[in-house]
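The following exercises introduce a structure by working through its parts in turn. Please look at the sequence and the model first, and then attempt each task before reading its solution.

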Amino acid sequence: MTEILIIAAPDLIAERQAWLASLAGERRLASLTLEAYERDTRQFLQFLTGHLGGPARIEDIHTLKPADFRGFLAARRREGDGARSLGRHLAGIRSFLRFLEKKGLVNAAGVGAVRSPKQPKSLPKPLLPDQALEVIATGGDLQEEAWIGARDAAVLALLYGCGLRISEALGLTPNDLPDGTTALRITGKGDKTRLVPLLAVVLEAVKQYQALCPFPLAADQPLFRGARGGPLQPAIIQRQMQKLRGALGLPETATPHALRHSFATHLLSGGGDLRTIQELLGHASLSTTQVYTGVDSARLLDIYDRAHPRA
């Protein structure tokens, strides 16, 4: 890594170089991360030069208080850095100061008392309706054994057709799907229980798997089984989705959880109200569900940009 000239005491510069070398050698951080940490700490030391009225020394670092670090973050915000960049700045500085603390040179309590800026919620990345339906239709076709193919198809149908988390789908027992049932009682995060309508096509996929499964399925035991009869692990379904991404040309964001996002987004697009979708997803707060309005708005704007003759 090429060192850019910075103003600081020689001993502090030397320790910083030793820290960067340890990140590259011992922790084997990616080159882009190393470049970011080098830039973050360089900007911090440059800030301290003006903040302290001269080149920073190790003893200056030792006496820094939370307000000094917040001053640096405020200065970077004025330069246009957003919450994600500010959070990374703070992570780099913490790493450097903890390196110095382990050597007995400073006390890193000051930077440890500074909270990272609240990060903006990233929008979920659902599949398009045609893509989601293709995943469900093809879900079990890549397996050699029919019962395993039926199992994968049933799990994927539950994720998209009922909006389940993968842990919720794999936690089902035969007791949860009696003959003639039209709804699932799901206990999700925080032991919050909700009722989810069970589409006939989803129930049919589950029943087909049950008919083909070679292992006895006790009423109170896990419904979905691995190849050797034990409880099915989430990684198996995640790997199956990886295969489907390659077979169907889907983006990397097409994961099992993306099917749950697709369930919510497609309901909203079809006229579903947020309160109902909140209940179906098992969200404790409506604000968690409201993120899907951003997804739908982004989709509508994309359609507008591509379709409107003056866009």
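Helices (H or I, at least four residues) and strands (E, at least two) are DSSP runs, numbered from the N terminus. The model is predicted, so local features need pLDDT of at least 70 and side-chain atom pairs count only at pLDDT 80 or more, while totals for chains, interfaces and linings use all residues. Residues are numbered from 1 along each chain as its sequence is written, and side-chain values use heavy atoms, with hydrogens and water left out.

**Exercise 1. Place Ala 91 and describe its exposure.**

Step 1. Ala 91 belongs to helix 5, which covers residues 83–102.
Step 2. Exposure is classed by relative accessible area: buried means under 20%, exposed over 50%, and partly exposed in between, with a 1.4 Å probe and protein chains only.
Step 3. Ala 91 counts as partly exposed because its relative accessibility is 30%.
Step 4. Thr 41 lies 50 residues from Ala 91 in sequence, and their C-alpha atoms are 9.9 Å apart in space.

**Exercise 2. State how the chain is divided into domains.**

Step 1. Domain bounds come from an automatic or database domain assignment.
Step 2. The protein chain is divided into domain 1 (10–113) and domain 2 (129–307).
Step 3. A distance of 44 Å separates the C-alpha centres of domain 1 and domain 2.

**Exercise 3. Is Glu 15 buried or exposed, and which residues does Glu 15 contact?**

Step 1. Glu 15 sits in helix 1 (residues 10–25).
Step 2. With a relative accessible area of 15%, Glu 15 is buried.
Step 3. Contact means heavy atoms within 4.5 Å. Leaving aside neighbours within four places in sequence, Glu 15 is in contact with Ile 58, Phe 96, Phe 99, Leu 100, Lys 103 and Leu 105.
Step 4. Of these partners, Phe 96 is 81 residues from Glu 15 along the chain, with 9.0 Å between the C-alpha atoms.
Step 5. Lys 103 is found in the loop between helix 5 and helix 6 (109–112). The relative accessible area of Lys 103 is 45%, so this residue is partly exposed. Its C-alpha atom is 10.0 Å from that of Glu 15, across 88 residues of sequence.

**Exercise 4. Describe the surroundings of Gln 43.**

Step 1. Helix 2 (residues 31–52) contains Gln 43.
Step 2. Gln 43 counts as buried because its relative accessibility is 16%.
Step 3. Apart from neighbours within four places in sequence, Gln 43 is in contact with Phe 72, Arg 76 and His 89.

**Exercise 5. Characterise the largest pocket.**

Step 1. On a 1 Å grid over the protein atoms alone, a pocket is an open set of points with protein on both sides within 12 Å along at least five of seven lines, and lining residues have an atom within 4 Å of a point.
Step 2. The lining of the largest pocket has 22 residues, of which Ala 157, Gly 161, Leu 199, Val 201 and Val 202 lie nearest its centre.
Step 3. Two or more lining residues come from each of helix 7 (129–138), helix 8 (146–162), strand 2 (193–197), helix 10 (200–212) and helix 12 (256–269).
Step 4. Helix 8 gives the largest share of this lining, six residues.

**Exercise 6. Follow Arg 165 from its position to its contacts.**

Step 1. Arg 165 is in the loop between helix 8 and helix 9 (166–170).
Step 2. Its relative accessibility is 10%, and therefore Arg 165 counts as buried.
Step 3. Beyond neighbours within four places in sequence, Arg 165 is in contact with several residues, including Leu 159, Arg 194, His 257 and His 283.

**Exercise 7. Find the residues that Leu 267 touches.**

Step 1. Leu 267 is in helix 12 and, at 31% relative accessibility, counts as partly exposed.
Step 2. Not counting residues up to four places away in sequence, Leu 267 touches Gly 272, Ile 277 and Leu 280.
Step 3. Leu 267 and Ile 277 are 10 residues apart in sequence, and 7.5 Å lies between their C-alpha atoms.

Definitions and conventions. 1 Å grid on protein atoms, 1.4 Å probe; cavity = no way out; pocket = protein on both sides within 12 Å on 5 of 7 lines; lining within 4 Å.
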